[in-house]
Amino acid sequence: GTPQKYDPTFKGPIYDRGCTDIICCVLLVIAIVGYVVVGVVAWTHGDPRKVIYPTDSRGQFCGQQGTPNEYVSSLRRPRGEGSCLHVQPPHSVSSSPIQICVSKCPDRYQTYLSAYGSRTPSELEYYRQFCVPEFKNLQKAPIEVLKDKECPAMIIPSTPLARRCFPAIRAKKGVIMVGNETTYDDGRGRRRNVTELLEGAKKANVVLETRQLAMKIFEDYTVSWYWIIIGLVIAMVASFIFIVLLRFLAGIMVWVMIVMVILVLGYGIFHCYMEYAKLKGEAGSDVSLKDLGFQTDLRVYLHLRQTWLAFMIILCIVEVVIILLLIFLRKRILIAIALIKEASRAVGHIMMSLLFPLCTFFLLCLCIAYWASTAVFLSTSNEAIYKVFNESACQFSGQTCKPETFNTSNVTKLCPDAQCLFAFYGGETAYHKYLIVLQFFNVFMFFWLANFVIALGQVTLAGAFASYYWAFKKPDDMPAFPLFSAFGRALRYHTGSLAFGSLILAIVQVIRVTLEYLDHRLKAADNKFAKFLLSCLKCCFWCLEKFIKFLNRNAYIMIAVYGTNFCTSARNAFFLLMRNIIRVAVLDKVTDFLFFLGKLLIVGSVGILAFFFFTQRIKLVQDTAPPLNYYWVPILTVIVGSYLIAHGFFSVYGMCVDTLFLCFLEDLERNDGSAEKPYFMSPDLKKLLKKTNKGQPDA
């Protein structure tokens, strides 16, 4: 591309600008309206209770207000959350387990035959609560009751979990038991081992243990939440102090890092030489790598002189390359350090920028909440489907039916033992047929809106920091509220450009999600070519996503400064960076190192402090630390929270460095330091580049 030419009217971010990429803005508005319509339709048809609450064989919720089973709730759940009991009929191709809402789970072993033959009426009365609600005739023959599937053949001690009854399995001295028994009567005169129930209740026990763990973690949070907040505040203060100190210590930290790398490589060369010399004369050490061939035990290679000679040559080459790079790129490293220092000053003048990520975080939370709720409502918007189940052969078996009219239909006349039971959730309408399309649209809109929110934050910060750079007298020539001015310009003029950039990124991300889904489905397949092709596509689209994010970020900076459309801004930013590719690479690596060091220092120091405090190893505050079930709970929370806080601070700082860098490159191409075309860069950068503004004092 051609370098930028001097524009006498350009004095920083252009205020007299027009709307850009209007078509994309209109598309975004239409898409948002459609997204709202999809959400309303989903909320109208969906019912999240299908995910949370169990249903009986009629598809009716257990223990829910406004349902026939409203008062059938577990005694262990006083809020009216019912439990669901499975009644397994005799094995048959067309038979189906019957689910019954009960007031409480069984607490004993019992068969219907033993309850019916008991002389105590209370035994049969107790058993009746686990039968279908229509069962009233206690004098009915047991064989008829079991044939009509009105009662289960047997009940076993169970515990309520997730509003469902599961066998109360426990281990005593390595022996699996249900209640206090190791065997049970299956209701058909056979004794079975309780291990047959183990597989069905294994997941239930995992969930139960997880729930107990969650309760203990919740208790830890209730007694340590204020100390966690104090730890996060310390991380916030430490992040701010680190950014301020970069103004003074950036150069020292970078050069110390470079010297340490050179010293480490030098020690590596020395160590390789010592090992090479030590192996001289030892048996077998002079065997060449070619003669030895490939060995699975890699330690064999360490006994060869040729191995250490190869290591020493490689390290020498790396050492020489780094020293040559330092000699030839020394000036560019100094420029990168000066820009980092200047970014620290810019953040100091626009302190509100450090709080702006909270706005972005809030908008992202809204996007996530809307996407998640819409996904749940869409997935639960199917209707209850009932099918015909029977014991004997029946031509209507498996067909759909309606419980309201089933008893008066021809099915009961031709198949007397047939029943109309709840099978699953589905639907035959056009809405139900296109549910997968609506779910796909929901995912796509989530990515589009999330990327739009991130883009809005980047453009806002870029506009604010650009107004700092292009102020000839800093900070006197800066606008009163640079952050709010940049936010207003971004929303008023460039919603379409932000929608365009985020749309491209969203399409690539949706393709990546689709590829991950296909990869998950093909894991069990033996088609190696398909797996190879899929892996290549995943790698290519991962690289494409990274490139688009890099391009979008710099395009948004140009949009914030010049007010051009997305394509023009992306092209100008790309060519500007390509004309200064070495400076870009040096600045990128220097800033990456500083951000890594900053995150490591902040997260590490706060995490160590939290560890010593919550494990009561600090004597001054030993009695202050709260008693905990798991001390790692608040420690991990503080570490993760500290990382997120440090990442938020450094994301602002990184955007500041990138913005100032692009403005710096533009400044070098547009201006020459004359009275008509003065440089806007800081005095430190001018001194470093041996540039001056002729006839004007430096700002």
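Angles of 65 to 115 degrees between helix axes count as roughly perpendicular. The views below show a predicted model.

**View 1. Helix H1 packs against helix H15 in the predicted model.** The two helices comprise residues 22–45 and residues 495–521, respectively. Their axes lie 7 Å apart and enclose an angle of about 75°. H1 and H15 are therefore roughly perpendicular to each other. On the H1 side, the contact is made by Cys24, Cys25 and Leu28. Thr495, Gly496, Ala499 and Phe500 contribute from H15. Of the residues in this contact, five are nonpolar and two are polar, while no charged residue takes part.

**View 2. Cys131 and Cys151 form a disulfide.** One disulfide is present in the structure. The sulfur atoms of Cys131 and Cys151 are separated by 1.9 Å. The link is right-handed, with 110° about the S-S bond. Cys131 is located in the loop between helix H4 (121–128) and helix H5 (142–147), and Cys151 in the loop between H5 and strand S4 (154–155), so the bond ties together parts that are 20 residues apart in sequence. Cys131 is buried, at a relative accessible area of 3%. Cys151 is likewise buried, and its relative accessible area is 3%.

**View 3. Cys272 is in no disulfide.** The nearest cysteine sulfur to that of Cys272 belongs to Cys316 and is 8.4 Å away. Cys272 is buried, with 5% relative accessible area.

**View 4. The sulfur of Cys543 has its closest cysteine sulfur in Cys539.** A disulfide requires the two sulfur atoms to be within 2.5 Å. The sulfur atoms of Cys543 and Cys539 are 4.4 Å apart, which is too far for a bond. Cys543 is partly exposed, and its relative accessible area is 39%.

**View 5. Asp107, Arg108 and Glu123 are joined into one network by salt bridges that share partners.** Side chains of opposite charge can pair when their charged atoms come close. The structure holds 14 salt bridges, one of them between Asp107 and Arg108. In that pair, the closest N and O atoms are 3.1 Å apart. Arg108 also meets Glu123 in a salt bridge, at 3.8 Å from N to O. This second pair links distant parts of the chain, 15 residues apart. Arg108 lies in the loop between strand S2 (98–102) and strand S3 (110–111), whereas Glu123 lies in helix H4. Asp107 counts as partly exposed, at 47% relative accessibility. Arg108 is partly exposed, with a relative accessible area of 30%. Glu123 is partly exposed as well, at 23% relative accessibility.

**View 6. Lys278 and Glu275 meet in a salt bridge within helix H6.** The N to O distance between the two side chains is 3.6 Å. Helix H6 spans residues 198–278. Because Lys278 and Glu275 are three residues apart in this helix, about one helical turn separates them. Lys278 counts as exposed, at 53% relative accessibility, whereas Glu275 is buried, with a relative accessible area of 17%.

Definitions and conventions. Residues are numbered from 1 along each chain as its sequence is written. This is a predicted model: local features need pLDDT of at least 70, side-chain atom pairs count only at pLDDT 80 or more; totals for chains, interfaces and linings use all residues. Side-chain values use heavy atoms; hydrogens and water are left out. Helices (H or I, at least four residues) and strands (E, at least two) are DSSP runs, numbered from the N terminus. Buried means under 20% relative accessible area, exposed over 50%, partly exposed in between (1.4 Å probe, protein chains only). A salt bridge is a side-chain nitrogen of Lys or Arg within 4 Å of a carboxyl oxygen of Asp or Glu. Axes are lines fitted to C-alpha atoms, for helices over the stretch in contact, and angles run from 0 to 180 degrees between N-to-C directions. Angles under 35 degrees count as roughly parallel, over 145 as roughly antiparallel, 65 to 115 as roughly perpendicular and the rest as oblique. Contact means heavy atoms within 4.5 Å. Ala, Val, Leu, Ile, Met, Phe, Trp, Tyr, Cys and Pro count as nonpolar, Asp, Glu, Lys and Arg as charged, and the others, Gly among them, as polar.
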